[in-house]
Structure formats: C-alpha cells, structure tokens
Amino acid sequence: MIDYAKLKARKFPDVEQSYSKKDTMLYALGLGYGHDPMDENQLQFVYEKNLKALPTMAVVLGYPGFWMKDPDSGIDWVRLVHGEQSLTVHKPLPVAGTVIGSNRIKAIVDKGEGKGALVFQERTIRDKATGDLLATLDHLTFCRADGGFSQKEGNGPKGGDSPPPQKPAVPETAPDAVVDLPTLPQAALIYRLCADDNPLHADPAVAKAAGFPQPILHGLATYGVAGHAILKTYCGYDPTKLKSLSLRFSAPVFPGETIRTEMWNEGSRVRFRAKALERDLVVLSHGAADIG
C-alpha cells in the first residue's frame, strides 16, 4: 500500500547520462523513422550525416529507472499504466552529450478504494557542460491497484493531493490533417533499449499477468510517433519548431499496428488524438502541441 508521506518525500538522486549519436539514432529507429529509406526528411534522424535529435527524445533522458518496482514504493507495479505525458522544450537537444536529470514527485492523488491512485512526477533535463535547461517533463502514472491509501489512519490527507486541471479534448469537427505511421512488430523491443525496460513490453507472461494478450508498446513510443506526425505536418521536419507536446494515454498499442494521428490546426497550437488504425481505437487523446 502507498504510504503518502513516505512516497511524497521520496528523494531521487540526480541522474547523469551520457549519450552518443548512436543512441540518438536508436531512439528514432524505435519510433519507426527510416521506414522509407528514400525519405531524406526522416534520414536526418537516423543517419550520422547532418544528424539531428528529435525533441521528444528528452523523455528517455535522465530517466530514474523503473523505481516503482521497488518494494518500498508501496505500488503494485504490475498493474500500473502511464496516464499522461507532457514535454516542454526549452532548447534543442544536442545530438550527443551529457545531461543531468532531476526528478521529483509533485503530487499523489487518491481516487478511492478500488479506483486507483495518480502519481505525478516532474523531471528537468539540463546540459551538464553548460547548465542550460533543455526540457521539462511531467509524467502521470495511474496506479490501478493502489487507491484508498488516504482512508487509512495517519496516511496523509483524505484524497491525497488535488489533481491539476484536466487537459481539454480535441474539437468535434473533422480534423485538418491526418497522418498514418506504421510501427514495427519489434518496436517495443527496440524502444526498451532507450530507457524503459519494464518487462510488460517484452515478456508475454508479464503482459498476460497485467491483463494484456501480448506485450504492449511503450506509451512513450506511441507519444513519439504522434510527435513524428506533428513534426512532419506542421514543422516541416524541423525539430526546433516543436515547443511542447502533451497528451493522455487512452489505450495500449500493440507493436506492428498503424498509428493514425488526427490533427486540428489552431495556429501556434495543434490539437490532436491518435488511433490504432486496425482496431479503430483511440489510443492517445487530449493532445496539444505548441509550434514556434
């Protein structure tokens, strides 16, 4: 069971991470860049000649590890899911370098017995050499089996912390643009080499124990594919134009499915959602991207 005070005060050592051009290319390959070997727009992210880093790569930098699996977290790690993700880009990521990730828990929300809990984390990414703030990330985890902790005597305020404002839904009108991007059958096995080695994405037995018929694609990989659609449609594949990307995870994607991103152009802001095309199922919702 979650101990509110203990978890809220949990300290995370800064994570120093050095990454190479190969790591930058591996991240892009895990998202499916390079699917068309003749597309030079995609090639710039997977080939060392004129290499550029994707802004969404910040989500795999300074990662504190799968700490929710630690017994002292009090969290049933098998039943957790990634709920929401936000990224604010302050400066373009270098294609190689050393960064410092600083992590903290911002809030813990108790939805009630049998309804789960929400854990909000913040991570900042700084360039070690310059001290420049490169990105800020907000990460919401839905701990499906951990609701009701605040109803226990001496375990934090009733309801825990207050949740942040809800993300707005996409418009009800027809989208202004639609992009279909495939994922590889082995996409999760590639992507997990970038950061998140949760066996839910690799081990069939763990996936079945969590209620899925097979290992699922990382939510952050689906996030990166939606980022690809926006980068292609509204940024002309210029990574410096994507300033922020936020969304809610609605349903898992299975590796090998096609992700259809539907986008609404609001000038400097793009609203979007994404579907697993083969199942006609919304997998990402409440999406917003700022373009500059």
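**Close-ups of a 10-strand sheet and a pocket beside it**

**View 1. β2 and β5, side by side.** Nine bridges tie β2 to β5, and the two strands run antiparallel. For a spot to zoom in on, take Q85, which stands opposite H139 in β5. Keep in mind that this is a predicted model. As general background, strands of a sheet pair through backbone hydrogen bonds, either parallel or antiparallel.

**View 2. β4 and β5, with the hairpin that links them.** Here 10 bridges hold β4 and β5 together, again in an antiparallel run. I125 stands opposite A135 in β5. What sits between the strands of this hairpin? Five residues do, and G131 takes a positive phi near 80 degrees in the hairpin.

**View 3. The open sheet, strand by strand.** Pull back a bit and the pairs above drop into an open sheet of 10 strands with antiparallel pairing. Reading across, the order goes β1-β3-β4-β5-β2-β7-β10-β9-β8-β6. Which strands stand at the edges? They are β1 (15-19) and β6 (177-182); each has a single partner strand, so one side of each is left without a neighbour in the sheet. From one strand to the next, the twist averages 25 degrees. In a regular strand, side chains alternate between the two faces of the sheet.

**View 4. The second largest pocket.** This one holds about 220 Å³ of space. Its lining counts 14 residues, and those closest to the centre of the pocket are E84, K106, F120, D138 and P164. Which elements give two or more residues to the lining? That would be β2 (80-89), β3 (97-110), β4 (117-127) and β5 (133-143). Sorted by class, the lining of this pocket comes out as five nonpolar, five polar and four charged residues.

**View 5. The whole chain, for context.** Zoomed all the way out, the protein chain shows six helices along with its 10 strands. Why call it as compact as a globular protein of that length? The radius of gyration of the protein chain is 19 Å, close to the 19 Å that the globule rule gives for 292 residues, so the label fits. Along the principal axes, the C-alpha trace spans about 60 × 45 × 40 Å. Of the 292 residues in the protein chain, 52% are buried.

Terms used. Residues are numbered from 1 along each chain as its sequence is written. This is a predicted model: local features need pLDDT of at least 70, side-chain atom pairs count only at pLDDT 80 or more; totals for chains, interfaces and linings use all residues. Side-chain values use heavy atoms; hydrogens and water are left out. On a 1 Å grid over the protein atoms alone, a cavity is a set of points where a 1.4 Å probe fits but cannot get out, and a pocket is an open set with protein on both sides within 12 Å along at least five of seven lines; lining residues have an atom within 4 Å of a point. Grid points are joined across faces, edges and corners, and a volume is the space filled by probe spheres set on the points. Helices (H or I, at least four residues) and strands (E, at least two) are DSSP runs, numbered from the N terminus. Ala, Val, Leu, Ile, Met, Phe, Trp, Tyr, Cys and Pro count as nonpolar, Asp, Glu, Lys and Arg as charged, and the others, Gly among them, as polar. Two strands pair if DSSP finds at least two bridges between them. Axes are lines fitted to C-alpha atoms, for helices over the stretch in contact, and angles run from 0 to 180 degrees between N-to-C directions. The radius of gyration is taken over C-alpha atoms; the globule rule is 2.2 Å times the number of residues to the power 0.38. Buried means under 20% relative accessible area, exposed over 50%, partly exposed in between (1.4 Å probe, protein chains only).
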